[in-house]
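Please look at the protein shown below, and ask of each label attached to it on what grounds that label rests.

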Amino acid sequence: LFTLAAAVFACLEACTAQAAPVLTLQSAYVRIDLDGHGLITSITSRTSGKNYLAAGKRSPILSLWENEKSVLPISASYDRAQQTLTLAYPNGASAKVKILEKEKYFRLQLLALDRRGKVNSIVWGPIHTTISKTIGDIIGVVRDDNWAVGMLALDDRTTQGPPADGDLGQMYYYIHSPDPAQYPVSAKYKEGERFSIGGDGTNDVAFYSQ
């Protein structure tokens, strides 16, 4: 889980006062600033100059999951030669993250998690944006008429979203009918009910094929 956990963070064209960033990432579409605490301080369009980061919320680049609670970083340092970000946490843990700037996205990979203690999972983000028109639970993308921001898992050890109900590393689906008249939810389910991938033979494909 920890050696190869990886994700893509992309912002595609479709904060408060802060100190100088410890790291600035740029793609063709966006500039992202990260402060010395390991928190994102801006997600700014390179064409419009609009900042899509939600004010008043802490958006870590990487948080830890310990005893079913999120642990945010308290310091960050960047080695430009190695393209690695080192994050320190209040529980004594230290994470090393490889960050690659691509033309249209950024690739993030957890290389190591030292002194992990009782940490049993990591979470990319969570990153809070001002975008809320369309929210994708499973794919991990939010978008409006002009912009989309998302994080996509790159290996089988990385799933979308934070751990849920202590079931670490498990992805969930929410039962939802796009048209209740044409595709009514069957009697044994209810709208908004959550179930895991596979599980006891129930999955999204089986749900819709009923």
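Q: What makes E5 and E11 count as paired strands, and in which direction do they run?
A: In this predicted model, E5 and E11 are joined by five bridges and run antiparallel. Pairing asks for at least two bridges between two strands, so the five between E5 and E11 satisfy the rule. One position in this pairing is Ser 63, which stands opposite Val 123 in E11 and belongs to strand E5, residues 62-66.

Q: Why is Ser 63 called buried?
A: The relative accessibility of Ser 63 is 1%, and the term buried applies under 20%, so Ser 63 counts as buried.

Q: How do you know that the side chain of Ser 63 makes a polar contact with Gly 125?
A: The side chain of Ser 63 reaches the backbone oxygen of Gly 125 at 2.7 Å, and a polar contact requires a pair of N or O atoms within 3.5 Å, so the distance meets that limit. Not counting residues up to four places away in sequence, Ser 63 touches several residues, including Tyr 89, Ile 122, Val 123, Gly 125 and Pro 126.

Q: What makes E11 a mostly covered strand?
A: Of the six residues of E11, five are buried, and since buried means under 20% relative accessible area, each of those five falls under that limit.

Q: What is the form of the peptide bond from Gly 125 to Pro 126, and how do you know?
A: The bond is cis, as its omega is near 0°. Pro 126 is found in the loop between strand E11 (119-124) and strand E12 (134-136).

Q: What sets the phi of Gln 83 apart, and where does Gln 83 lie?
A: Gln 83 has a positive phi of about 55° although it is not a glycine, and its place is in the loop between strand E7 (75-79) and strand E8 (84-88).

Q: Why is Gln 83 called partly exposed, whereas Arg 115 is called exposed?
A: The relative accessible area of Gln 83 is 32%, and because the class partly exposed lies between 20% and 50%, the term fits Gln 83. Arg 115 has a relative accessible area of 59%, and exposed means over 50%, so Arg 115 takes that name. Arg 115 also has a positive phi, near 50°, in a residue other than glycine, and lies in the loop between strand E10 (106-114) and E11.

Q: What makes Arg 31 and Asp 33 a salt bridge?
A: The closest N and O atoms of Arg 31 and Asp 33 are 3.3 Å apart, and the rule asks for a side-chain nitrogen of Lys or Arg within 4 Å of a carboxyl oxygen of Asp or Glu, so the pair qualifies. Arg 31 counts as partly exposed at 29% relative accessibility, while Asp 33 is buried, with a relative accessible area of 7%.

Q: How do you know that Lys 133 and Asp 145 also form a salt bridge, and what does the pair tie together?
A: The side chains of Lys 133 and Asp 145 meet at 2.5 Å, N to O, and because the limit is 4 Å, the pair passes. Lys 133 lies in the loop between E11 and E12 and Asp 145 in the loop between E13 and strand E14 (147-153), so the pair ties together parts that are twelve residues apart in sequence. Lys 133 and Asp 145 are both exposed, and the count of salt bridges by this rule comes to two.

Q: Why is Val 142 called buried, and which residues is Val 142 in contact with?
A: Val 142, in strand E13, has 15% relative accessibility, and under 20% means buried, so the label applies. Leaving aside neighbours within four places in sequence, the contacts of Val 142 include Thr 129, Ile 131, Ile 135 and Trp 147. The C-alpha atoms of Val 142 and Ile 131 are separated by 6.3 Å, although these residues are eleven apart along the chain.

Q: Why is Ile 139 called exposed, and what patch does Ile 139 help to make?
A: Ile 139 has a relative accessible area of 55%, and exposed means over 50%, so the term holds. Together with Leu 152 and Leu 154, Ile 139 makes a nonpolar surface patch of about 270 Å².

Technical notes: Residues numbered from 1 in each chain as written. Predicted model: local features only at pLDDT ≥ 70, side-chain atom pairs only at ≥ 80, totals over all residues. Heavy atoms only, no water. Helix = DSSP H or I, 4+ residues; strand = E, 2+ residues; numbered from the N terminus. Buried < 20%, exposed > 50% of the residue type's maximum accessible area, 1.4 Å probe, protein only. Patch = residues over 30% accessible without salt bridge, like charges linked within 9 Å, V, L, I, M, F, W, Y side chains within 5 Å. Areas by Shrake-Rupley, 256 points an atom, 1.4 Å probe, with all protein chains shown as cover. Polar contact = N/O pair within 3.5 Å; in protein donor to acceptor, adjacent residues only side chain to side chain. Contact = heavy atoms within 4.5 Å.
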